Amino acid sequence: NMIVYVTLFDKNYIDRAVALSKSFARHCSRDILILGCLDCDSEKLFRKLNLASTSVASVDNFICSTLSKLRKERSVAEFCWTCKPFLMQHVMQYYPNAEWVVYLDADSLIFGNISTVLYEYNHFDCFFTPHNFHHVFRDLESSVGSYNAGFVAFRNTKNGLQALSEWRYMCESSVSATPNDQGYGDQKYLEELASHWNSVSELVHKGINAAPWNIARYQISKKIDKVMLDDQPLLFFHFQGFKRINRNFNLLYKGTFFLPKKVREYIYSPYCRELQ
């Protein structure tokens with residue numbers, strides 16, 4: 001049994017992709033992370049680095065004629081969002097025995113074994129992570145949607161693959177970086193998919209897709225080498241909106257929302273060291 005993980009990035013995100021890959025090898029070495037490189041520079045570098053538990057998907061492998069056409073019409077961010085379901089489908093052709101295909105945003109770090117949780121949900125076809133907004137961010141939900149597309153999984157079943165095809169079709173039709181009636185990016189579509197398919201759509205594990213918008217909801221502590229969110233271990237943190245300014249780092253994210261001290265110490269400091 002194995003689970004195939006995929007991520008997507010261009011040369012501007014190389015440091016993040018390396019950090020993600022190394023953390024993946026530490027915690028999920030029985031599985032594989034496919035690195036979707038969106039330009040030749042990142043592809044060359046990752047082939048040379050040849051990191052453990054990873055495999056490189058070059059842009060020529062998965063960019064079909066539909067994507068080539070859309071690349072000319074969409075912004076860089078919109079194009080990246082559009083590519084996700086295409087890359088996931090492409091990868092599944094090479095791993096027909098995989099249980100799940102999971103997309104991870106490149107600006108993330110793995111803190112524990114995610115696969116053990118996914119195997120508990122093998123009776124579902126899709127796995128989506130609710131934003132679970134802290135009250136400071138709750139007004140965002142109506143525009144950006146209930147679920148976050150930084151962690152999305154489809155199971156290798158007839159229905160799981162059908163749901164993935166449906167997402168691909170939606171992203172092909174329209175992906176907008178500004179929220180509108182159709183939705184927002186590739187993300188608002190997840191609400192529709194969650195209502196159509198047999199999906200994990202509640203918050204089933206606080207440690208999967210923890211992020212700046214929900215982390216202040218939890219008691220943060222350290223248990224030996226594990227970071228705990230209340231009573232559950234942190235497995236996957238999504239550093240969306242993260243920017244480094246000299247040696248200090250901050251969340252240039254939502255006005256004056258400051259990250260709690262333990263979040264900076266246990267989660268962001270290790271990330272800064274990895275990026276260094």
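1. Start with helix H2, on the side turned away from its buried residues: that face carries Lys 44 and Lys 48, both exposed. Keep in mind while reading that this is a predicted model. On the buried side of H2, which spans residues 40-49, you'll find Ser 42, Glu 43 and Phe 46. Looking down the axis of H2, these buried residues fall within an arc of 100°, so they line one face of the helix. Note that Glu 43, a residue with a charged side chain by class, is listed among the buried ones. Just after the helix comes Asn 50, and its phi is positive, near 45°.

2. Next, the bigger picture of the strands. Seven of them, 7 strands in an open sheet, run in the order E3-E2-E1-E4-E7-E6-E8, and the pairing is mixed. At the edges sit strand E3 (54-57) and strand E8 (199-200), each of which pairs on one side only. Within this sheet, E1 (residues 3-9) and E2 (residues 32-37) are parallel partners, joined over 6 bridges. If you want a register to check by eye, take Val 4: its bridge partner in E2 is Ile 32.

3. Staying with edge strand E8, have a look at Ser 199, which is found there. Is Ser 199 buried or exposed? Its relative accessible area is 11%, and under the 20% cut-off that makes it buried. What does Ser 199 touch, once residues up to four places away in sequence are set aside? The partners are Phe 124, Cys 126, Phe 128, Leu 193 and Ala 194.

4. There is also a separate entry for a 3-strand open sheet, in the order E10-E11-E12, with antiparallel pairing. Its edge strands are E10 (220-223) and E12 (232-233), and each pairs on one side only. E11 and E12 are held in the antiparallel sense over 2 bridges. For a register check here, Met 228 stands opposite Pro 233 in E12.

5. Now for the empty space. A search of the whole structure turns up 2 cavities of 30 Å³ or more. The largest cavity holds about 40 Å³. Its lining is made of Phe 127, Phe 128, Thr 129, Pro 130, Glu 202, Leu 203, Val 204, His 205 and Ile 208. Which strand supplies the largest share of that lining? Strand E6 (residues 126-130) does, with 4 residues. Sorted by class, the lining has 6 nonpolar, 2 polar and 1 charged residues. One cross-reference to point 3: Phe 128, part of this lining, is also touched by Ser 199.

6. Val 117 links up with the same cavity lining. Val 117 lies in helix H6 (residues 115-119), and at 6% relative accessibility it counts as buried. Leaving aside neighbours within four places in sequence, Val 117 is in contact with His 205, Ile 208 and Leu 235. His 205 and Ile 208 both appear in the lining of the largest cavity. As for Leu 235, it is 118 residues from Val 117 in sequence, yet the C-alpha to C-alpha distance is 9.6 Å.

7. The second largest pocket is worth opening in your viewer. About 350 Å³ of space lies in it. Of its 17 lining residues, the closest to the centre are His 27, Ile 110, Phe 111, Asp 225 and Val 227. Elements giving two or more residues to the lining are helix H1 (14-27), strand E5 (108-110), strand E11 (226-229) and helix H10 (261-275). Which of the elements gives the most? H10, with 5 residues. By class, the lining has 8 nonpolar, 2 polar and 7 charged residues, so anyone setting up charges there will want to know that count of 7 charged residues.

8. Last, a loop residue. Lys 188 lies in the loop between helix H8 (158-173) and helix H9 (189-196). With a relative accessible area of 21%, Lys 188 is partly exposed; the buried class stops under 20%. Lys 188 and Val 144 are 44 residues apart in sequence, while their C-alpha atoms are 6.4 Å apart in space.

How values were computed. Residues numbered from 1 in each chain as written. Predicted model: local features only at pLDDT ≥ 70, side-chain atom pairs only at ≥ 80, totals over all residues. Heavy atoms only, no water. 1 Å grid on protein atoms, 1.4 Å probe; cavity = no way out; pocket = protein on both sides within 12 Å on 5 of 7 lines; lining within 4 Å. Points joined across faces, edges and corners; volume = space filled by probe spheres on them. Buried < 20%, exposed > 50% of the residue type's maximum accessible area, 1.4 Å probe, protein only. Arc of directions from axis to C-beta. Pairing = 2+ DSSP bridges. Contact = heavy atoms within 4.5 Å.
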